[in-house]
Amino acid sequence: MASRVQPRQLAFALPHAESLSRDNFLEGPANAAGLALVDSWPDWPNPVMLLVGPEGSGKSHLAAIWAEQTGARSTSAHVLTAAEVPRQLATGALVVEDLKSAEFDERALFHLLNLAREDAASVLITARVPIASLNIELRDLKSRLRAIPAIELSPPDDRLFRALIVKFCADRQMAVDESVVGFLAARIERSVVAARQTVELLDSEALRLGRPVTRTLAAELLRRDRPQATRG
């Protein structure tokens, strides 16, 4: 009689919504200046402000909190057009996300900055790198952008990093204890992106194997897959 092969359990990648509310924001030294900027509106030093930080540092979360407070619309820098500028500024406040070199219409952004000044509107721009690092051809726009005050977000400290791991686990309804959190915090790159990716991998592996999320499983995952998120 032929032996029966146990079918392999499939892990389905179900979407996990991440709350961008104020109550769900984890504050620490790395992002305190950004949160202070959001809270200080409308008493900003300039009508247009810039949030700078690496991917996953909390820029979009802070921008979402500010948009909720102000009724601001949100758009991505790469889709902004000159024709759309008046409509985008209709509420008197606008978030422009992810400003990158060669991925936005320079004249559209210049028009936006001019109209915002004329209409006394508030604009919050996010970028991964400082303005000085962007390749901008329009000289007037380059000068205008470099005059915008920038708030920089830093990598999370240990307390915030552990809290982020716990948050990402909670977002995926994963039950983990302190031993798992401490193990991951000590072994993966200290970035929000690394924490999120590692938790996603751990969740997927636990589902595939039908095992609980433990320190042992985490160790096996990091040993086997060696994702880019881990330290060498």
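**Helix packing and pockets in the predicted model**

Helices α6 and α8 pack with their axes 9 Å apart, at an angle of about 35°. Their crossing is right-handed. On the α6 side, the contact involves F161, L164, I165, F168 and C169. These residues meet V192, A195, R196 and V199 of α8. By class, the contact of α6 with α8 comprises eight nonpolar residues, one charged residue and no polar ones. The structure described here is a predicted model.

The chain holds nine helices and five strands. Read from the N terminus, the order of elements is α-β-α-β-α-β-α-β-α-β-α-α-α-α. Helix and strand thus alternate up to the last strand, and the run then ends in four helices. The chain has 232 residues, and 43% of them count as buried. Contacts between residues at least 6 apart in sequence were also examined. Of these contacts, 74% join residues at least 24 apart.

The largest pocket encloses about 520 Å³ of space. Its lining consists of 30 residues. Nearest the centre of this pocket lie G56, S57, G58, K59 and V192. Four elements, α2 (59-70), β3 (93-99), α6 (158-171) and α8 (192-209), each contribute at least two residues to the lining. Helix α6 gives the most, with four residues. The two helices of the packed pair, α6 and α8, are therefore both among the elements that line the largest pocket. V192 appears in both settings: this residue is one of those nearest the pocket centre, and it also takes part in the contact of α8 with α6. In composition, the lining of the largest pocket is mixed, with 11 nonpolar, 10 polar and nine charged residues.

The second largest pocket has a volume of about 170 Å³. Its lining is made up of N46, P47, V48, L113, A116, R117, A121, R144, A147 and I148. Helix α4, residues 106-119, supplies the largest share of this lining, three residues. Here the classes divide into seven nonpolar, one polar and two charged residues. The charged residues in this lining are R117 and R144, and the polar one is N46. The nonpolar members include P47, V48, L113 and I148.

Definitions and conventions: Residues are numbered from 1 along each chain as its sequence is written. This is a predicted model: local features need pLDDT of at least 70, side-chain atom pairs count only at pLDDT 80 or more; totals for chains, interfaces and linings use all residues. Side-chain values use heavy atoms; hydrogens and water are left out. On a 1 Å grid over the protein atoms alone, a cavity is a set of points where a 1.4 Å probe fits but cannot get out, and a pocket is an open set with protein on both sides within 12 Å along at least five of seven lines; lining residues have an atom within 4 Å of a point. Grid points are joined across faces, edges and corners, and a volume is the space filled by probe spheres set on the points. Axes are lines fitted to C-alpha atoms, for helices over the stretch in contact, and angles run from 0 to 180 degrees between N-to-C directions. A crossing is left-handed if the near helix is turned anticlockwise from the far one by less than a right angle, and right-handed if clockwise. Contact means heavy atoms within 4.5 Å. Buried means under 20% relative accessible area, exposed over 50%, partly exposed in between (1.4 Å probe, protein chains only).
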